Amino acid sequence: MSSENGQAGGGAEGVPPEQLALIRESVRKAKTPRAKPRTWRGAALAKELPVARVLVDKGVLHLDRYFDYAVPEELDAEAQPGVRVRVRFGAGRHRVREGRREGGGLIDGFLVERLAESDYSGPLAALAQVVSPEPVLSEELLGLARAVADRYAGSLADVLQLAVPPRNARAEQRASPEPLPPPPAPEAGSWQRYERGAAFLESLASGGAPRAVWNALPGPQWSEELARAVAAALASGRGALVVLPDGRSVARVDAALTSLLGEGRHAVLTADAGPEKRYAQWLAVRRGSVRAVIGTRAAMFAPVQDLGLVALWDDGDDSHSEQHAPQPHAREVLLLRAAQDKCGFLLGSWACTVEAAQLVESGWARPLVAGREQVRGAAPLVRTVGDGDLARDEAARAARLPTLAWQAVRDGLRQGPVLVQVPRRGYVPRMACAVCRAPARCRHCSGPLETRDGGALCCGWCGREEGGWHCPECGSFRLRASVVGARRTAEELGRAFPAVPVRTSGREHVLDTVPGAPALVVSTPGAEPVAEGGYAAALLLDGWAMLGRPDLRAGEDALRRWIAAASLVRPQSAGGTVVVVAEPTLRPVQALVRWDPVGHAVRELAERAELGFPPVSRMAAVSGPGEAVADFLRTAELPPEAEVLGPVPLPVAAAGRPRRAGAPPPGEQWERALVRVPPGKGAALAAALKAAQAARMARGSGSGSGTGVWVRIDPADIG
DNA sequence: AGCACGCCGACT
DNA sequence: GTCGGCGTGCTC
């Protein structure tokens, strides 16, 4: 053993190891600028780079930094950057047993870097174990995770939990297949329908990094178009990654890729494969055996080597929001990836989010759109029935459905399947006066009134039951809930066309496809089956419910769901007709009629900019017990531009309902403040919130102790 | 979160 | 003198 590596280093010759801890204070005072790696007696250290910088795998914010450990000689070869390690961690008793210092428990971590010296002046503990020599955490993945953690005021360890799947020894032992040579560049195919479609593919195929927001034409070609974009990136010798909102869309792109490139060129990363298979797939990607990845949101971190393209389909779908801390959105993660890896970026949807419009407006991405004549050729005819029409239409009131809608369904059923889009079950709309449409509110707390399963009218905030409601505006005693009406309407439609089969698709039972024969297909938004040859008609019944939501995204969301359903309908030239039951003067309804989701998003963006709403400004939500929120806001050193809105009381959750992350426990009164910063100050806001949170945690106001707060960047359902 | 260190009052 | 209270701060 060399004295340099032994406990005798640093001028503490002859001091028994137990006493080193005692003199640590004086060592620190002496401010040894760069301590030689010292460890406790006995351990011979690696000759080269004897220090391992380790990220300790604890999602706690105040531990969100690296810790240095000594590398014992026997672990030297395996202790490479990126491997999983186990280390002793914690301010436990510094017992010395069998010549080794022990303290705290063994916890997992990642080896981030090997160094010649540590800048930590205390004695280093040794790595306890290298879990496996597989370098799972590449520099790129670490950089991405760091960027995501910073963006979302979260800890690196939390993000890595999302990015690196749990180890499976059997999968690790299996050899991954040999990589295939790049395929030839694909034909442009239906990309030719877009003004810059072919150019986009050519740029990818020749090694470029084009960035586009793609407004997809209605119809089924989108999955093949995505496959061609992947093929183009592969043709350049680089990799590609596509993130999709659900298993059905993954299956479609999977099929498109297989038919375009054959088997073996792409991996499918979804949650439903078992842990061993999933990890094996992930390893094959990391090892470079497979260069293209498709999958749902967990795939956004897939360790594709030498990325040429990241693509996302339908970013407005809320399943792109990760449910686990710090709840990153796939679009934002892929944006960070594209910036970091300098690769191509493709954000595609039939609809258009405000965020997508912003990417174009800022000049970061270019629009990839079809000309108006292409849109007219691909979209169905859209007609509206508003409340006014409904009131004037005597027959409609009796039949509970406007004449126009009946006609569309009847005519459609002569040509093929007809889609009826109804609101999700369990989705509770706001109740309103049936006469004057004034929202029905709780007389105690002004919360929204809802009907429970039993049919009783209750307040959604305070839970009080409302026995004798009458409208404070017009005195009417009649309430309206269009959701109930829509379901009943769908049932009545079925009875009205007894010769036609009725098929339903919803949360519990999602149909993938339906045949091209006449049928009524009743579906909730997002569960619409694809009809062979397209639907002859669609009836969109939940407009009132969707637009009535008190959410910033209500309009955008309603339009997106309508567009998604209407995109499954045949073009107008083939007789495709869509009837939407919603007020025709409303902006999203007009955008649907004109088939102009991009225009809608651009107008929304302008409005958000004017009002200081996200995504133009960045927002964060701070929620928790009122005292904790107030204390957090008092102590946080927010950037000077930050504006604090609230705090306001959050609705009290009724018992028995599933509790979302960041929501108060049932019966507890929480408050929520929103913090807003102007464009460009998002990073500063996140950093300030993270620092404040870390300081509070270190002081013992952890989330478990009841005084903790939840911090969420880009909160959903605001205002 | 744990857990040791440290600086104050009652004890053999 | 010294045992032990919990308030503070660290974990390589």
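A nonpolar core is a set of buried Ala, Val, Leu, Ile, Met, Phe, Trp, Tyr and Cys residues joined through side-chain atoms within 4.5 Å, where buried means under 20% relative accessible area, found with a 1.4 Å probe on protein chains only. The model on your screen is predicted, so local features need pLDDT of at least 70 and side-chain atom pairs count only at pLDDT 80 or more, whereas totals for chains, interfaces and linings use all residues. Residues are numbered from 1 along each chain as its sequence is written, chains are lettered from A, and side-chain values use heavy atoms, with hydrogens and water left out.

**The whole chain.** Begin by selecting chain A, whose secondary structure comes to 22 helices and 30 strands; these are DSSP runs, numbered from the N terminus, with at least four residues (H or I) for a helix and at least two (E) for a strand. Of the 719 residues of chain A, 53% count as buried.

**The cores.** Next select Val-164, Leu-241, Phe-301, Phe-632 and Leu-689, which touch the most other members of the largest nonpolar core, a set of 75 residues. Apart from that core lies another, of 66 residues, including Phe-200, Leu-201, Leu-226 and Leu-244.

**Two helices.** Move on to helix H7, which covers residues 222–235, and pick out Ser-223 within it. Is Ser-223 buried or exposed? Its relative accessible area is 8%, and Ser-223 is therefore buried. Leaving aside neighbours within four places in sequence, Ser-223 is in contact (heavy atoms within 4.5 Å) with Arg-252, Val-253 and Ala-256.

Now select helix H18, residues 554–566, where 13 residues at 1.5 Å a residue should span 18 Å, and the end C-alpha atoms are indeed 18 Å apart; the expected span is 1.5 Å times one less than the number of residues. H18 is mostly covered, since 13 of its 13 residues are buried.

**The largest cavity.** Finally, look for empty space: the structure holds three cavities of 30 Å³ or more, and about 50 Å³ of space lies in the largest cavity. On a 1 Å grid over the protein atoms alone, a cavity is a set of points where a 1.4 Å probe fits but cannot get out, and lining residues have an atom within 4 Å of a point. To see the lining, select residues including Trp-214, Asp-315 and Cys-352, then show strand E8 (211–215) and strand E13 (344–349), each of which supplies at least two residues of the lining.

Definitions and conventions:
Buried means under 20% relative accessible area, exposed over 50%, partly exposed in between (1.4 Å probe, protein chains only). On a 1 Å grid over the protein atoms alone, a cavity is a set of points where a 1.4 Å probe fits but cannot get out, and a pocket is an open set with protein on both sides within 12 Å along at least five of seven lines; lining residues have an atom within 4 Å of a point. Grid points are joined across faces, edges and corners, and a volume is the space filled by probe spheres set on the points.
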